[in-house]
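Please open the model in your viewer and keep the sequence panel beside it, since this tour moves from one selection to the next.

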Amino acid sequence: MTERQPFIAGNWKMHKTLAEARSLARDIRDGAAPGRRAEVALAPPYTALAAVAAELAGSNIRLAAQDTFWEKQGAYTGAISPAMLADVGCHYVIVGHSERRQHFGDTDAIVNKKLTAVVAAGLTPILCVGETKAEREADQTLQVVRRQLERGLGALQPATGTDLVVAYEPVWAIGTGLTATPDQAQAVHHFIRSLLREFLGPPAEAIRIQYGGSVTPDNAATLLAQPDIDGALVGGASLKPEMFLPIIAAAG
Ligand code: PEP
């Protein structure tokens, strides 16, 4: 069986002033055991990327961005390119988060443009997929995940398993306190792994699939114990070191 290093990422969303972001980054940097098994990344808002990069310098915690635009540069007011994110020290870029799909109109085609641009800039995308409550209740979870993954990836052919991360985030579990049961999550993760095999071939075995949706210190260990759950994308709980650090520890 392929060994996959667990990967815990914190998505800070639209939270934290500069001073707060620095302090949170320091608390996580100093609290996360350097010899831990899990890879860790923090995704602060754009305004705090440089400040958090400075706090993380010399540590083994990586920087991530929450989104990007697909053009390299130009007259795109308000947009940030993957090259700019690389320049500020990002390693990962989240694309297709359900909040982007819901509030900012990101379609699968847009998600694919962003993912392609992220890869072209030498960064690693964290591609989010997941069904809404209505879609789950209508028994459409697998169709939705298949469509989002297939269209989101498009022609991408990662050379290795570390060139791509997928996050399964059931929309009904994000920020709601509702969590998919370990069995529910594992079933979809297993399905995603089979799709990755179908679309990408051998690199699929090494691609990390994170679970996201109200992950807390109480549920992290059982979720992470599932064979196809390789980490967590954490929203609310990543804003509090006393919540986030035990989640990192739960990954080993
Ligand atoms: C997320 O935003 O990716 C997320 C999973 O949020 P939360 O942990 O708050 O549900």
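Begin by selecting helices α7 and α8, where α7 passes α8 in a right-handed crossing. The model you are looking at is a predicted one, and in it α7 spans residues 141–153 while α8 spans residues 182–200, with axes that come within 11 Å and cross at roughly 35 degrees. To see the contact itself, show the side chains of T141, L142, V145, R146, L149, E150 and L153 in α7, which meet V188, F191, I192, L195, L196, E198, F199 and L200 in α8. Coloured by class, the residues of this contact of α7 with α8 divide into 11 nonpolar, 1 polar and 3 charged.

Next, select the second helix pair, α1 (residues 18–31) and α10 (residues 241–250), which pack at an angle of about 35 degrees with their axes 10 Å apart. The crossing of α1 and α10 is right-handed. On the α1 side, pick out L24, D27, I28 and G31, and on the α10 side P241, F244, L245 and I248, which they meet. By class, the contact of α1 with α10 has 6 nonpolar, 1 polar and 1 charged residues.

Now turn to the ligand and display its surroundings, a shell of 14 residues among which K13, E169, G175, S214 and G235 come nearest. Which polar atoms of the protein should be picked out around the ligand oxygens? In the side chain of K13, an N or O atom is 2.6 Å from an oxygen atom of the ligand, and a polar side-chain atom of E169 likewise lies 2.6 Å from a ligand oxygen. At G235 the contact comes from the backbone, where a polar atom is 2.8 Å from an oxygen atom of the ligand. The protein covers 95% of the 290 Å² of accessible area that the ligand has on its own. The residues of the shell around the ligand divide into 4 nonpolar, 8 polar and 2 charged.

Stay with two members of that shell and inspect their backbone torsions, bearing in mind that most residues other than glycine have a negative phi. Select K13 in the loop between β1 (7–11) and α1, where phi is positive, at about 50 degrees, although K13 is not a glycine. Then move to S214, placed in the loop between β7 (208–212) and α9 (220–224), whose phi is also positive, near 55 degrees, in a residue other than glycine. As a last view, show K13 and S214 together with the ligand, since both are listed among the residues that come nearest to the ligand.

How values were computed
Residues numbered from 1 in each chain as written. Predicted model: local features only at pLDDT ≥ 70, side-chain atom pairs only at ≥ 80, totals over all residues. Heavy atoms only, no water. Near = heavy atom within 4 Å. Polar contact = N/O pair within 3.5 Å; in protein donor to acceptor, adjacent residues only side chain to side chain. Areas by Shrake-Rupley, 256 points an atom, 1.4 Å probe, with all protein chains shown as cover. Nonpolar A, V, L, I, M, F, W, Y, C, P; charged D, E, K, R; others polar. Axes fitted to C-alpha atoms, helices over the stretch in contact; angles between N-to-C directions. Helix = DSSP H or I, 4+ residues; strand = E, 2+ residues; numbered from the N terminus. Left-handed = near helix turned anticlockwise from the far one by under 90°. Contact = heavy atoms within 4.5 Å.
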